[in-house]
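Open the model in your viewer and keep the sequence panel beside it. The stops below are meant to be taken in order.

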Amino acid sequence: TAHDPAVHNSDGVPPSVATFLQAQSSEPRPKFFSRLFGRSPVPRSLRSQYREALGDVAVIDVLVQLGSDWLVRTCEVSGHIGVEHVVVGPPGIFCIAVRHRRGGAVWIDGSILLVDGERWSDLRDAEFSAVRLTQVMSDAVGFRVEATPCLVLVGTRSLTVAKPPRRVAVMTTRDIRTWLKGMPAMLSPDEAQALRACAADFPEGHVLGSPQAPSANTLGMFR
């Protein structure tokens, strides 16, 4: 089932970071000697949230360093544990879905995606989001554009692609920048500007304009 985007905190902090920090604030602070002897300040019950927050910050850091020709807008996806980013640059529009599959062995064969042998709808969801974005952007700018669906898998143990999906580009965090920068320019300067302006005016989410160093530094306090 697909889900519409929902606004998250407007100060630019990824939703996973805000969720973790809120949960962590209600936990008792570890005692000095516990820290001294290497006990993690993150309770076991929150470690999954902590890893997801780190993963989201890493993805955002890559995206916002693409350069001045690129615009990145991000929003949380209701009903999913994940974030989607709208990226506009010289090669076109990209709808980037981020999904956390911590420690999972991912196997992809065309339209099928398995995590530890269990089928997930990540590919279908990413494609649906891109179709929806295509419709919204095309209507807004007055000319036909097509958003490319991308799926970024975070925290996987392994990723095996037996047969690439027909429409969805699948990658890990370390692949994002190289892949996007390697795409050929497809938009004229006027088209790119119109699309960036359209994406910047979306009512959901917010434009990311700087690396998430404050979020990363805050999370680093718990290492």
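This is a predicted model. Start by selecting residues 122-141, which form helix 4. Helix 4 has 20 residues, and the distance from its first C-alpha to its last is 28 Å, close to the 28 Å expected at 1.5 Å a residue. Now colour the buried positions of helix 4: D122, L123, D125, A126, S129, A130, L133, T134, M137, S138 and V141. Step just past the end of helix 4 to G142, where phi is positive, at about 85 degrees.

Next, go to helix 3, residues 47-64. What span should its 18 residues have at 1.5 Å a residue? The expected value is 26 Å, and the end C-alpha atoms of helix 3 are 26 Å apart, so the two agree. The buried residues of helix 3 are Y50, E52, A53, G55, D56, V57, V59, I60, D61, L63 and V64. Acidic side chains are included here: E52, D56 and D61 are among the buried residues.

Keep D56 selected and show its side chain. Which residue does the side chain of D56 meet in a polar contact of 2.9 Å? The partner is H100, through its own side chain. H100 is found in strand 4. Is H100 buried or exposed? The relative accessibility of H100 is 10%, under the 20% limit, so H100 counts as buried.

Extend the selection to the whole of strand 4, residues 92-100, and add strand 8. The two strands run parallel and are joined by 8 bridges. To find the register, look at I93, which stands opposite A147 in strand 8. Strand 8 covers residues 147-154, and 7 of its 8 residues are buried. Strand 8 also pairs with strand 10, residues 169-171, in the parallel sense, over 3 bridges. On that side, C150 stands opposite A169 in strand 10.

Return to strand 4 for the aromatic side chains. The structure holds 2 aromatic pairs. One of them is F94 with W179, an edge-to-face pair with 5.7 Å between centres and 80 degrees between the planes. F94 belongs to strand 4 and W179 to helix 5 (residues 176-181), so this pair ties together parts that are 85 residues apart in sequence. F94 is buried, at 1% relative accessible area, whereas W179 is partly exposed, at 27%. Add W70 to the selection: ring pairs link W70, F94 and W179 into a cluster.

Now select R101 and W120. The charged end of R101 sits over the ring of W120, 3.9 Å from the ring centre.

For the last stop, show strands 5, 6, 7 and 9. In what order do these 4 strands lie in their open sheet? The order is 7-6-5-9, and the pairing is mixed. At the edges are strand 7 (118-119) and strand 9 (158-163), each of which pairs on one side only. Strand 5 (residues 105-109) and strand 6 (residues 112-115) are antiparallel, with 4 bridges between them. Zoom in on D109 to see one of these positions: its bridge partner in strand 6 is I112. With backbone atoms shown, the pairing can be followed directly, because strands of a sheet pair through backbone hydrogen bonds, either parallel or antiparallel.

Note on methods. Residues are numbered from 1 along each chain as its sequence is written. This is a predicted model: local features need pLDDT of at least 70, side-chain atom pairs count only at pLDDT 80 or more; totals for chains, interfaces and linings use all residues. Side-chain values use heavy atoms; hydrogens and water are left out. Two strands pair if DSSP finds at least two bridges between them. The expected span of a helix is 1.5 Å times one less than its number of residues. Buried means under 20% relative accessible area, exposed over 50%, partly exposed in between (1.4 Å probe, protein chains only). Rings of Phe, Tyr and Trp (its six-membered ring) pair if their centres lie within 6.5 Å; planes under 30 degrees apart count as stacked, over 60 as edge-to-face and the rest as tilted. A charge sits over a ring if NZ of Lys or CZ of Arg is within 6 Å of the ring centre and within 35 degrees of the ring normal. A polar contact is a pair of N or O atoms within 3.5 Å; within protein, one must be able to donate a hydrogen and the other to accept it, and residues adjacent in sequence count only if both atoms are side-chain atoms.
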